[in-house]
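Dear colleague,

I am passing a structure on to you, and I have written down below what I found in it. Please open it first and keep it in view while you read.

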Amino acid sequence: MEMKALVFCTGLMLLFAWLSPSQALYFHIGETEKKCFIEEIPDETMVIGRYRTQLWDKQAGSFLPSTPGLGMHVEIKDPDAKIILSRQYGSDGRFTFTSHTPGEHQICLHSNSSKMALFAGGKLRVHLDIQVGENTNNYPEIAAKDKLTELQLRVRQLLDQVEQIQKEQNYQRYREERFRMTSESTNQRVLWWSIAQTIILIITGIWQMRHLKSFFEAKKLV
Amino acid sequence: VSLSPQLCALMFSWIRASELTFELPDNAKQCFYEDIIIGTKCTLEFQVVTGGHYDVDCRLEDPDGTVLYKEMKKQYDSFTFTASRNGTFKFCFSNEFSTFTHKTVYFDFQVGDDPPLFPNENRVTALTQMESACVSIHEALKSVIDYQTHFRLREAQGRSRAEDLNTRVAFWSIGEAFILLVVSISQVLLLRSFFSDKKTTTTRVGS
């Protein structure tokens, strides 16, 4: 009896997990405005983004619950500025990608409404939720699929968290190396340019004196 | 023990954390909204990652418009509050004081506690020792991940400053070498021009 109820609730929870976030953070976006978000992530990390759009209805004076025909274009760039995802989604969408290079990934959204008249002078409300790495795992789903006990599920969650921490530490090492290279380059540049400038200074000084000496000798003033 | 409908409803309330990093252009303001239930403990944390003097204005308002938190030109801050009423809370980041620097801002808005892992969290029996050990490890790891995020942001900030410095050193060195050459050549030319004029006046006096 308990098992049936558990499965039922898990099923409902899975359903809700797939539906767009109804109470997530939201912001307003203009018609041609492009909003970009940056995710700095290590490699082989999964990112799931979900959004829901609502259009301002001037007659009703409030936001419509959902608007068919309104689409959002999602573009995702990897750290080398290469586009890894560029797709048009409906008014409610879910996009997912896995990073293959560590670094700053850029997720950009802009509306691409097919009914321009609908949008005229209005604003668009976008609910957005982006989950990264370990947070993308749906634990009740994993428990149901692999038939894990409570303790096993908790340990699985801990393992996932530790794996995420490990990946982040690796990425941190790579970034620290970049930082060190930049600092060493600055150090080298400061050193060489100081020497070069001192040499230029001495050479121009010597040139000035010699040139003026020959000039005055020519003018018979010296 | 059967699952009550109230319990099912409880687990469907989306209590979660939203963390985003976005770019704030100069003279721009970006606002975010969230619907919160009364009595929920919320935390807003933000940090400026790159840009200018690494500062931003932040403002948090409750559904009535009362300003709960307002700080100007802050680099990093964390603010915890309990929602005093139901409604839409709004928080804004403003870069209106800056004329040409774009800022990258990170924020983490935590509403309530994390959802429980299991549907039957409110069970009659207490957690076993193993399970409570797992819970405490989970909490500790969550704080490790949180510290890692802040460390990563500070490192990104330091790296951005170092790269700025590197470019500036290069440009200024080249610029200074160029100015040096121009100044020394013009000094010589100027001196030559003084002596050329004097020569004509002396010949006039002589004759």
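Please bear in mind from the start that this is a predicted model. I begin with the two domains of chain B, then turn to the UniProt annotations, the contact of the two chains and the domains of chain A.

**Inside chain B**

Between domain 1 and domain 2 of chain B there are 4 residue pairs in polar contact, counting pairs in which both residues have a pLDDT of 80 or more. Two elements of chain B, strand E3 (41-50) and strand E8 (103-111), each give two or more residues to the side of domain 1 that touches domain 2. Of these, E3(B) provides the largest share of that side, with 5 residues. When the residues on this side of domain 1 of chain B are sorted by class, there are 5 nonpolar, 3 polar and 3 charged ones. Across this interface, however, the rule finds 0 salt bridges.

To place these contacts on the chain, note that domain 1 of chain B runs over residues 15-115 and domain 2 over residues 128-193, and that the centres of the two domains, taken over C-alpha atoms, are 25 Å apart. The contact brings together 11 residues of domain 1 of chain B and 10 residues of domain 2 of chain B. The area that the two domains of chain B bury between them is about 990 Å², with 45% of it on carbon and sulfur atoms. On the domain 1 side, B:Gln47, B:Val49 and B:Tyr54 supply 49% of the area buried against domain 2 of chain B, which is more than any other three residues supply.

**What UniProt lists for chain B**

Two annotations, both from an unreviewed entry, can be set beside the model. UniProt gives "domain: GOLD" for residues 29-111 of chain B, and over that stretch the model has 0% helix and 67% strand, with the end C-alpha atoms 23 Å apart. UniProt also lists residues 169-191 of chain B as "transmembrane region", and here the chain is 100% helix and 0% strand, with its end C-alpha atoms 33 Å apart.

**Where chain A meets chain B**

How many residues does the contact take from chain A and from chain B? It takes 66 from chain A and 70 from chain B, and the area buried between the two chains is about 6,500 Å², of which carbon and sulfur atoms give 65%. A:Leu25, A:Tyr26 and A:Arg154 supply 11% of the area that chain A buries against chain B, and no other three residues supply more.

There are 5 salt bridges between chain A and chain B, and one that you can look up is formed by B:Glu155 and A:Arg175, where the closest N and O atoms are 3.1 Å apart. The rule also finds 16 residue pairs in polar contact across the interface of chain A and chain B, with both residues at pLDDT 80 or more. Several elements of chain A supply at least two residues each to the side that touches chain B, among them helix H1 (2-18), strand E9 (124-132) and helix H4 (150-218). The largest share of that side comes from H4(A), with 35 residues. By class, the side of chain A that touches chain B has 34 nonpolar, 18 polar and 14 charged residues.

**Inside chain A**

Chain A is likewise divided into two domains, with domain 1 at residues 23-136 and domain 2 at residues 139-221, and their centres, taken over C-alpha atoms, are separated by 33 Å. Their contact takes 12 residues from domain 1 of chain A and 10 residues from domain 2 of chain A. Together the two domains of chain A bury about 750 Å² between them, 53% of it on carbon and sulfur atoms. A:Glu40, A:Pro42 and A:Glu134 supply 67% of the area that domain 1 of chain A buries against domain 2 of chain A, more than any other three residues.

Which residue forms a salt bridge with A:Glu40? It is A:Arg175, with the closest N and O atoms 3.5 Å apart, and A:Arg175 is also the residue that forms a salt bridge with B:Glu155. Between the two domains of chain A the count is 1 salt bridge, and the rule finds 2 residue pairs in polar contact there, with both residues at pLDDT 80 or more.

With best wishes

Notes: Residues are numbered from 1 along each chain as its sequence is written. Chains are lettered from A and ligands numbered from 1 in the order in which they are written. This is a predicted model: local features need pLDDT of at least 70, side-chain atom pairs count only at pLDDT 80 or more; totals for chains, interfaces and linings use all residues. Side-chain values use heavy atoms; hydrogens and water are left out. Domain bounds come from an automatic or database domain assignment. Contact means heavy atoms within 4.5 Å. Buried area is the accessible area (1.4 Å probe) that two parts lose on being put together, summed over both. A salt bridge is a side-chain nitrogen of Lys or Arg within 4 Å of a carboxyl oxygen of Asp or Glu. A polar contact is a pair of N or O atoms within 3.5 Å; within protein, one must be able to donate a hydrogen and the other to accept it, and residues adjacent in sequence count only if both atoms are side-chain atoms. Helices (H or I, at least four residues) and strands (E, at least two) are DSSP runs, numbered from the N terminus. Ala, Val, Leu, Ile, Met, Phe, Trp, Tyr, Cys and Pro count as nonpolar, Asp, Glu, Lys and Arg as charged, and the others, Gly among them, as polar. UniProt positions are given in the numbering used here, feature names are shortened, and annotations may be inferred rather than shown by experiment.
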